[in-house]
Amino acid sequence: MLPKYRLRNNFNFDERLLIQANMNAHLRNFFFFIILTITTGLSCNQEWQSLFDGKTLKGWHTLPGGNWKVEKGIIVGTSEKSDPLHGLLVTDNIYKDFELRIKYLSVKGNSGLYFRVKEVGGVYGVEGLQAEIHPLQGAGGLYETGGRGWVVEPDSVDVKKWNKPGEWNTMLVSAKGQSVVVHLNGYKTAEINNDTGKTEGHIALQLHGDQDMLVSFKNIEIKIY
């Protein structure tokens, strides 16, 4: 028989119970460590991550049309009216639920921040939603290329409130499940719930075909959920 141990609370138990108690404690610590590791990993994924290194177009690829280059830490897109193709700069990766923020300077032509799009080739290059970027018209609205057209078309009076012609603008797109919200310079410019569109896909920057284009982008960051 194993020797007995007596504690101050007068409860008796043998060495087997002590061993079991120690094992239970180690198991609790082990599971706590696993849970902490998983939780930490999830929180890391929800930090802002840069999609543009400021020097190269690494992580992106182009579709025919227009021209994309990096100048002094800024992505610059240009195209001529004689070019019928929508020139696109597309992420290599596919994204599902996220917040995406970007700064842009729109000088000439109709651009857009595509998200959750599918590459299809042809004149338009992709199908899916874009947050509208334009020096004057429709900025901050939602348009679906290859689908519904305007999903949320902002009033011109409202556009004047949040759009900054000739200046850097900050756009924030939140896409979670079937909900999409767009903010421009702190204003909520578009919102859709129970959306029937795509729930995952590429992110892309647009140069509209058949237009003289000059648009710049910087500080492109994403928070993945």
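**Exercise 1. Place glutamine 206 in the fold, and decide whether it is buried or exposed.**

Solution. Begin with the secondary structure: glutamine 206 is found in strand β16, residues 202–207, where strands are DSSP runs of E with at least two residues, numbered from the N terminus. The model is a predicted one, in which local features need pLDDT of at least 70 and side-chain atom pairs count only at pLDDT 80 or more, while totals for chains, interfaces and linings use all residues. Residues are numbered from 1 along each chain as its sequence is written, and side-chain values use heavy atoms, with hydrogens and water left out. Next, take the relative accessible area of glutamine 206, which is 1%; because buried means under 20% (1.4 Å probe, protein chains only), glutamine 206 is buried. Finally, look at its contacts (heavy atoms within 4.5 Å): leaving aside neighbours within four places in sequence, glutamine 206 touches, among others, Trp68, His86, Asn110, Tyr114, Gln130 and Val215.

**Exercise 2. Describe the largest pocket through its volume and its lining.**

Solution. A pocket is an open set of points on a 1 Å grid over the protein atoms alone, with protein on both sides within 12 Å along at least five of seven lines, and lining residues have an atom within 4 Å of a point. The space in the largest pocket is about 190 Å³, and of its 15 lining residues, Asn110, Gln130, Tyr143, Thr145 and His208 lie nearest the centre. Strands β10 (125–133), β11 (142–145) and β12 (149–152) are the elements that give two or more residues to this lining, and the largest share, three residues, comes from β11.

**Exercise 3. Find which residues line the largest cavity.**

Solution. In a cavity, a 1.4 Å probe fits but cannot get out. The structure holds one cavity of 30 Å³ or more, and about 40 Å³ of space lies in the largest cavity. Its lining consists of Phe115, Arg116, Gly128, Leu129, Glu144, Gly197 and Lys198, with at least two residues supplied by each of β9 (111–121) and β10.

**Exercise 4. Identify the largest nonpolar core and the strand that gives the most to it.**

Solution. Such a core is a set of buried Ala, Val, Leu, Ile, Met, Phe, Trp, Tyr and Cys residues joined through side-chain atoms within 4.5 Å. The largest has 37 residues, and those with the most contacts inside it are Leu113, Phe115, Met171, Leu205, Phe217 and Ile220. Strand β17 (residues 213–224) gives the most to this core, with five residues.

Conventions: Helix = DSSP H or I, 4+ residues; strand = E, 2+ residues; numbered from the N terminus. Buried < 20%, exposed > 50% of the residue type's maximum accessible area, 1.4 Å probe, protein only. Points joined across faces, edges and corners; volume = space filled by probe spheres on them.
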